[in-house]
Structures are given as C-alpha cells and as structure tokens.
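Let us walk through this model together, following its charged side chains and the strands that carry some of them. Please keep the sequence and the 3D view open as you read.

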Amino acid sequence: METLRVSSKSRPNSVAGAIAALLRTKGEVEVQAIGPQAVNQAVKAIAIARGYIAPDNLDLVVKPAFVKLELENEERTALKFSIKAHPLEP
C-alpha cells in the first residue's frame with residue numbers, strides 16, 4: 001500500500017489529487033501525519049479527494065489509527081489514515 005506523508009505545509013488540493021489517483025489505480029492508500037496542523041491538512045485533503053473520485057462512481061472509507069514512527073532516531077506518534085475506495089451505492 002502506498003503511503004503519503006502530510007506536513008503542516010502540505011497543500012490539501014495537491015494531496016487530494018494524489019489520494020484520488022491512488023484510489024483509482026490501486027484502490028487504497030495510507031496517509032500519515034504528525035502534529036495537529038498536519039492532521040488538519042490531511043483531513044481536508046481526504047474530504048477534497050472524496051469529491052474528486054465521486055464522478056468515477058467511487059466513495060471512500062477511512063480508518064484512523066495511531067502509529068509509532070522512527071524519525072531521526074526519535075520515536076514519534078503519528079495519525080495514520082487507511083483509505084479504501086468502494087463503489088458508490090445508487
């Protein structure tokens with residue numbers, strides 16, 4: 001599964017485009033964010049991506065979870081969003 005890392009400076013529209021593209025091609029993607037501003041940008045991107053895939057008759061399911069990451073010899077807690085595409089119901 002592809003992993004996208006979102007920072008506080010990430011542009012939600014750009015991240016949303018990447019999420020939408022991966023959902024169309026692979027059907028799933030993981031988004032990771034550390035810190036409140038990064039989580040905010042990630043959530044906005046997920047909401048925007050939902051609109052991007054709707055014309056393809058797709059919706060998404062998001063499962064948030066905490067995950068520990070090793071960054072620069074330091075353990076950090078991140079939020080992980082596991083996102084899967086599924087067909088829209090009529």
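A word on burial comes first: a residue is called buried under 20% relative accessible area, exposed over 50%, and partly exposed in between, using a 1.4 Å probe and protein chains only. The areas themselves come from the Shrake-Rupley method with that 1.4 Å probe, and for residues only the protein chains shown count as cover. This is a predicted model, in which local features need pLDDT of at least 70 and side-chain atom pairs count only at pLDDT 80 or more, while totals for chains, interfaces and linings use all residues. Residues are numbered from 1 along each chain as its sequence is written, and side-chain values use heavy atoms, with hydrogens and water left out.

Let us begin with the salt bridges, each being a side-chain nitrogen of Lys or Arg within 4 Å of a carboxyl oxygen of Asp or Glu. How many does a search of the whole structure find? It finds three.

One of them joins Arg50 and Asp59, whose closest N and O atoms are 2.7 Å apart. Arg50 is partly exposed, because its relative accessible area is 45%, whereas Asp59, at 12%, counts as buried.

Another links the side chains of Asp56 and Arg24, with 2.4 Å from N to O. Asp56 sits in the loop between α2 (36–53) and β3, and Arg24 belongs to helix α1, so this contact ties together parts that are 32 residues apart in sequence. Helix α1 covers residues 12–25; helices (H or I, at least four residues) and strands (E, at least two) are DSSP runs, numbered from the N terminus. Both partners are partly exposed: Asp56 has a relative accessible area of 40%, and Arg24 has 42%.

Now turn to Lys84, whose side chain meets that of Glu28 in a salt bridge of 3.7 Å, N to O. Since Lys84 lies in strand β4 and Glu28 in strand β2 (residues 28–33), the pair ties together parts that are 56 residues apart in sequence. Lys84 is partly exposed at 47% relative accessibility, and Glu28 is partly exposed at 24%. Lys84 also brings us back to Arg24: their C-alpha atoms are separated by 9.9 Å, with the two residues 60 apart along the chain.

The strands themselves are worth tracing next. β2 and β4 pair in the antiparallel sense over six bridges, where pairing requires that DSSP finds at least two bridges between two strands. Val29 stands opposite Ile83 in β4. On β3, the antiparallel pairing with β4 runs over 14 bridges. Here Val61 faces Lys84 in β4, and Pro64 stands opposite Phe81 in β4. In a regular strand the side chains alternate between the two faces of the sheet.

Where does the chain turn from β3 (58–71) to β4 (74–87)? Look at the loop that holds Glu72. The hairpin has two residues between the strands, and Glu72 takes a positive phi near 50° there. At 78% relative accessibility, Glu72 is exposed.

Glu72 also has acidic company, forming a negative surface patch with Glu70, Glu74 and Glu75. Patch members have over 30% relative accessible area and no salt bridge, with like charges joined within 9 Å and nonpolar side chains (Val, Leu, Ile, Met, Phe, Trp, Tyr) within 5 Å. Lys and Arg count as positive and Asp and Glu as negative, with His and the chain ends not counted. Each charge is placed at NZ of Lys, CZ of Arg, CG of Asp or CD of Glu.
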